[in-house]
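Colleague: I would like to learn how to read a structure like this one. Could we go through it a feature at a time?

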Amino acid sequence: MKRIMITGALGQIGSELTLKLREIYGTDNVIATDIRKNESEAAQSGPFEMVDVTDAKSMLDTAKKYNVDTVIHMAALLSATAEANPVFAWNLNMGAYECT
């Protein structure tokens, strides 16, 4: 069975994706991650970990903990915030765990 970890799982798209994939693959097989936790259904309906995608060790530890075989990267900075720091935004949006 697939084990999927979603970064940015509490964002607008990530939250919908998390719920849909939990329907398809089973609640325990989709691990939601984000840098914050809220009371949303995506955060409460199955495994959730607070993970900063710029922290490679945390990402790897979480993937190992749940025996993840697929990572879907939804964590991102949106335009207004990204324009203030375009290099960081590029690295986060395109590389995540490779950020420095």
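Modeller: Start with the lining of the largest pocket, in what is a predicted model. Its residues divide into ten nonpolar, five polar and three charged.

Colleague: How does one find a pocket, and how much space lies in the largest pocket here?

Modeller: Rolling a probe the size of a water molecule over the atoms shows where empty space is left. In this model, the largest pocket holds about 430 Å³ of space.

Colleague: Which residues lie nearest the centre of the largest pocket?

Modeller: Of the 18 residues that line the pocket, Gly-8, Met-74, Ala-75, Ala-76 and Leu-77 lie nearest its centre. Helix H1 gives the most to the lining, with three residues.

Colleague: What span should helix H1 have?

Modeller: At 1.5 Å a residue, the 14 residues of H1, residues 12-25, should span 20 Å. The end C-alpha atoms of H1 are 21 Å apart, which agrees.

Colleague: Which residues of H1 are buried?

Modeller: Gly-14, Ser-15, Thr-18, Leu-21 and Arg-22 are buried. They cover an arc of only 135° around the axis, so they sit on the same side of H1. On the other side, Gln-12, Ile-13, Glu-16, Glu-23 and Ile-24 are exposed.

Colleague: What covers the buried residues of H1?

Modeller: The cover includes strand S1 (4-7), strand S2 (30-34), helix H2 (41-44) and strand S4 (70-73).

Colleague: What phi does Gly-26 take, just after H1?

Modeller: Gly-26 has a positive phi of about 100°.

Methods. Residues are numbered from 1 along each chain as its sequence is written. This is a predicted model: local features need pLDDT of at least 70, side-chain atom pairs count only at pLDDT 80 or more; totals for chains, interfaces and linings use all residues. Side-chain values use heavy atoms; hydrogens and water are left out. Helices (H or I, at least four residues) and strands (E, at least two) are DSSP runs, numbered from the N terminus. The expected span of a helix is 1.5 Å times one less than its number of residues. Buried means under 20% relative accessible area, exposed over 50%, partly exposed in between (1.4 Å probe, protein chains only). The arc is that of the directions from the helix axis to the C-beta atoms. Contact means heavy atoms within 4.5 Å. On a 1 Å grid over the protein atoms alone, a cavity is a set of points where a 1.4 Å probe fits but cannot get out, and a pocket is an open set with protein on both sides within 12 Å along at least five of seven lines; lining residues have an atom within 4 Å of a point. Grid points are joined across faces, edges and corners, and a volume is the space filled by probe spheres set on the points. Ala, Val, Leu, Ile, Met, Phe, Trp, Tyr, Cys and Pro count as nonpolar, Asp, Glu, Lys and Arg as charged, and the others, Gly among them, as polar.
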